[in-house]
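Hi everyone, thanks for coming. Let me put today's protein on the screen, and then we'll walk through it together.

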Amino acid sequence: MSLAWRLDRTVRNARSRIVKHLYQDHAGGPEQAILVAGMARSGTTWLAEMLVSHLHARLMFEPFHHRSVGAYGAFEYVQYMRPGEPSPELHDLVSAVLSGGLRDALWVDRMVSVLRPEARIVKAVRACLMLRWIHDRFPRTPVLLVVRHPCAVAASFAGLGWSARPDLDSIRRQPELLNDHLADVSDILEREWQPHEETAILWCVNHRVALRQSRASAVMRVHYESLVADPEGEMSRILRTMGRESHGFEGAAVRRPSRTTRLDAAKAAGGTDAAGWMRLLDPSQVADSQTIVQAFELDGLYDDSGRPTGGLYEDA
């Protein structure tokens with residue numbers, strides 16, 4: 001399986017190295033884009049690649065990365081935007097992204113695989129704190145929020161040796177964010193934590209803001225665990241809700257890891273077993289993470305077995 005996965009990824013990457021210089025994006029305006037947002041290691045790339053397969057689309061990779069996209073360099077590592085806050089610079093960038101005008105072979109277009117795309121899928125793990133801002137200005141662009149259990153995300157971070165500290169430092173630098181959404185948990189943000197606890201805090205900040213703001217907007221929640229359990233059924237639900245017609249589907253897209261998955265990290269998060277983290281994390285680490293999630297009042301998203309409940313702001 002590992003050899004087949006490596007060969008598949010090699011072939012897809014080789015195709016992208018050619019196509020990213022030759023593709024022609026005449027798909028239309030922002031209404032032809034779909035924003036796939038979520039925290040890192042939540043399955044955003046996997047969902048984005050499945051949508052590409054269904055919709056014959058261009059995949060735009062992480063356009064809101066301030067070190068990799070020059071036009072975004074003036075913004076925070078994870079930028080918070082109040083819904084009514086004006087920002088002509090950000091508006092112009094988001095417009096260029098959703099309309100397909102931003103081309104960047106080194107970063108944004110690194111995973112393009114379609115020569116003449118009929119839509120565009122924007123995959124972004126640094127957009128959770130401004131989803132309402134984007135939706136209010138581009139209401140015809142569907143927004144999907146991918147949610148994965150916080151312990152699974154923590155296990156994946158640990159498997160890659162990633163740290164949540166840069167994200168948390170960025171969050172602490174934004175007083176509007178702290179005042180609007182985090183005043184009641186300021187003591188948690190100010191303390192020193194272990195790496196798995198920092199990941200849980202970052203998960204909570206992203207999801208508290210995104211879910212609160214999506215209650216009055218058109219953000220569709222997609223649980224990673226539901227995708228793993230029934231990928232075809234979930235894709236049908238997503239496409240039906242967005243009113244999109246599939247242009248054919250490559251069945252292998254639901255069975256293979258995304259191109260941003262590494263085998264060691266996949267094993268650390270339980271592989272294709274959505275609740276594999278239960279066997280891999282230390283019970284004390286699970287308890288630590290659950291305590292933090294409860295403090296942020298987000299424990300209603302999952303039950304004790306790790307399954308999504310369908311609750312907590314699902315009226316969005």
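Let's begin at one cysteine. Cys 204 is buried, with a relative accessible area of 0%. Another cysteine, Cys 151, is buried too, at a relative accessible area of 1%. How many disulfides does a search of the whole structure find? The count is 0. Please keep in mind that we are looking at a predicted model.

Now let's step back for the overall view. The protein has 14 helices and 5 strands. It has 316 residues, and 54% of them are buried. Here is one more number for the whole chain: take the contacts between residues at least 6 apart in sequence, and 83% of those join residues at least 24 apart.

Let's return to Cys 151, which belongs to helix H5. This helix covers residues 150-160, and 9 of its 11 residues are buried, so H5 is largely enclosed by the rest of the structure. The buried ones include Pro 150, Ala 152, Val 153, Phe 157 and Leu 160. Just after H5 comes Gly 161, with a positive phi of about 70 degrees.

Who touches Cys 151? One answer is Ser 289. You'll find Ser 289 in helix H14, residues 283-295. Is Ser 289 buried or exposed? At 1% relative accessibility, Ser 289 counts as buried, because the cut-off for that word is under 20%. If we leave aside neighbours within four places in sequence, Ser 289 is in contact with Cys 151, His 196 and Ala 200. Glu 197 is worth pointing at as well: Ser 289 and Glu 197 are 92 residues apart in sequence, yet their C-alpha atoms are 5.9 Å apart in space.

Next, a pair of helices. Two packed helices are described by the angle between their axes and the distance between the axes. For helix H2, residues 44-55, and helix H11, residues 231-242, that angle is about 65 degrees and the axes are 11 Å apart. That makes H2 roughly perpendicular to H11. The crossing of H2 past H11 is right-handed.

Which residues of H2 and H11 meet? From H2 we have Leu 47, Met 50, Leu 51, His 54 and Leu 55, and from H11 we have Met 235, Ile 238, Leu 239 and Met 242. Sorted by class, this contact between H2 and H11 holds 8 nonpolar residues, 1 polar residue and no charged ones. Look at the numbering in those lists, and remember a helpful rule: an α-helix has 3.6 residues a turn, so residues three or four places apart point the same way.

Last stop: backbone angles. Most residues other than glycine have a negative phi. Arg 41 goes the other way, with a positive phi near 70 degrees. Where is Arg 41 found? Its place is the loop between strand E1, residues 33-38, and H2. Arg 41 is buried, at a relative accessible area of 14%.

Glu 62 is another case: this residue is not a glycine, but its phi is positive, about 45 degrees. Glu 62 lies in the loop between strand E2, residues 57-61, and helix H3, residues 88-98. With a relative accessible area of 3%, Glu 62 is buried.

That's the tour. Thanks for listening!

How values were computed. Residues are numbered from 1 along each chain as its sequence is written. This is a predicted model: local features need pLDDT of at least 70, side-chain atom pairs count only at pLDDT 80 or more; totals for chains, interfaces and linings use all residues. Side-chain values use heavy atoms; hydrogens and water are left out. Axes are lines fitted to C-alpha atoms, for helices over the stretch in contact, and angles run from 0 to 180 degrees between N-to-C directions. Helices (H or I, at least four residues) and strands (E, at least two) are DSSP runs, numbered from the N terminus. Angles under 35 degrees count as roughly parallel, over 145 as roughly antiparallel, 65 to 115 as roughly perpendicular and the rest as oblique. A crossing is left-handed if the near helix is turned anticlockwise from the far one by less than a right angle, and right-handed if clockwise. Contact means heavy atoms within 4.5 Å. Ala, Val, Leu, Ile, Met, Phe, Trp, Tyr, Cys and Pro count as nonpolar, Asp, Glu, Lys and Arg as charged, and the others, Gly among them, as polar. A disulfide is a pair of cysteine sulfur atoms within 2.5 Å. Buried means under 20% relative accessible area, exposed over 50%, partly exposed in between (1.4 Å probe, protein chains only).
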